[in-house]
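Biologist: I am new to this one, so please take me through it step by step. What should I look at to begin with?

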Amino acid sequence: MQSSLQAAYDEVPRSLRRWFLIHFMADLIASVPLIIFPQIVLHLLGISETGTFTARLVGAAMFAIGTSSLIMSKKSVHHIDSLLTTKIVWASTAVISILLSLKELPAYSVVIILPPFILFLSVWIYYKVRWL
């Protein structure tokens, strides 16, 4: 007979656990350069009106939420439910913020920045609606 903790762990789809690991890697790849080399990243994205403090703060937020994906990828359904809600709030707010900034951003920056947020927002909503 399974323990209640094991049963709660098993309720989480393996595919969602994989998405958490993919999300961690994506956020790590995006956040570390923003924290360490903000001027270079902003220049490559054609963003000139954002200071390094703001870029580093965004990098820190991405690093934190990505790391939470790694930590929670091994947790039970009880923990993951609230994490999905947080991820939906974060990703939807990011998408709205990017859309509000369309006039200020070069088109190629939008093509680089927006799709990952839409992808992860779609994944988190899918699992929240379909699974929980």
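**Surface, rings and core**

Biologist: Which word fits tyrosine 126: buried, exposed or partly exposed?

Modeller: Tyrosine 126 has a relative accessibility of 43%. Buried means under 20% relative accessible area, exposed means over 50%, and partly exposed lies in between, using a 1.4 Å probe and protein chains only. Therefore tyrosine 126 counts as partly exposed.

Biologist: What kind of model is this?

Modeller: Residues are numbered from 1 along each chain as its sequence is written, and side-chain values use heavy atoms, leaving out hydrogens and water. Local features need pLDDT of at least 70, side-chain atom pairs count only at pLDDT 80 or more, and totals for chains, interfaces and linings use all residues; the model is predicted.

Biologist: At what angle do the planes of phenylalanine 20 and tryptophan 124 lie?

Modeller: A search of the whole structure gives 5 aromatic pairs, where rings of Phe, Tyr and Trp (its six-membered ring) pair if their centres lie within 6.5 Å. Planes under 30 degrees apart are stacked, over 60 edge-to-face, and the rest tilted. Phenylalanine 20 and tryptophan 124 form a tilted pair, with centres 5.4 Å apart and planes at 50 degrees.

Biologist: How many residues apart are the partners of that pair?

Modeller: Phenylalanine 20 is in helix H2 and tryptophan 124 in helix H6, residues 107-131. Helices (H or I, at least four residues) and strands (E, at least two) are DSSP runs numbered from the N terminus. Both phenylalanine 20 and tryptophan 124 are buried, and the pair links parts of the chain that are distant, 104 residues apart.

Biologist: Which kind of aromatic pair do tyrosine 126 and tyrosine 127 form?

Modeller: Tyrosine 127 counts as buried, at 8% relative accessibility. The ring centres of tyrosine 126 and tyrosine 127 are 5.0 Å apart, with 85 degrees between the planes. That pair is edge-to-face.

Biologist: Which element gives the largest share of the largest nonpolar core?

Modeller: Such a core is a set of buried Ala, Val, Leu, Ile, Met, Phe, Trp, Tyr and Cys residues joined through side-chain atoms within 4.5 Å. The largest one has 30 residues, and Phe20 and Trp124 are among those with the most contacts inside it. H2, H3, helix H4 (52-72), H5 and H6 each give two or more residues. The largest share, 10 residues, comes from H6.

Biologist: How far apart are the closest N and O atoms of aspartate 81 and lysine 128?

Modeller: The whole structure has 1 salt bridge, meaning a side-chain nitrogen of Lys or Arg within 4 Å of a carboxyl oxygen of Asp or Glu. Aspartate 81 lies in helix H5 (residues 77-100) and lysine 128 in helix H6, so the bridge ties together parts 47 residues apart in sequence. Aspartate 81 is partly exposed at 29%, and lysine 128 is partly exposed at 23%. Their closest N and O atoms are separated by 2.4 Å.

Biologist: Which elements give two or more residues to the nonpolar surface patch?

Modeller: Patches take residues with over 30% relative accessible area and no salt bridge, joining like charges within 9 Å and nonpolar side chains (Val, Leu, Ile, Met, Phe, Trp, Tyr) within 5 Å. Areas come from the Shrake-Rupley method with a 1.4 Å probe, and for residues only the protein chains shown count as cover. Ile35, Ile36, Phe37, Ile40, Leu44 and Phe63 together have about 560 Å² of accessible area. Two or more residues come from each of helix H2 (14-36) and helix H3 (38-44).
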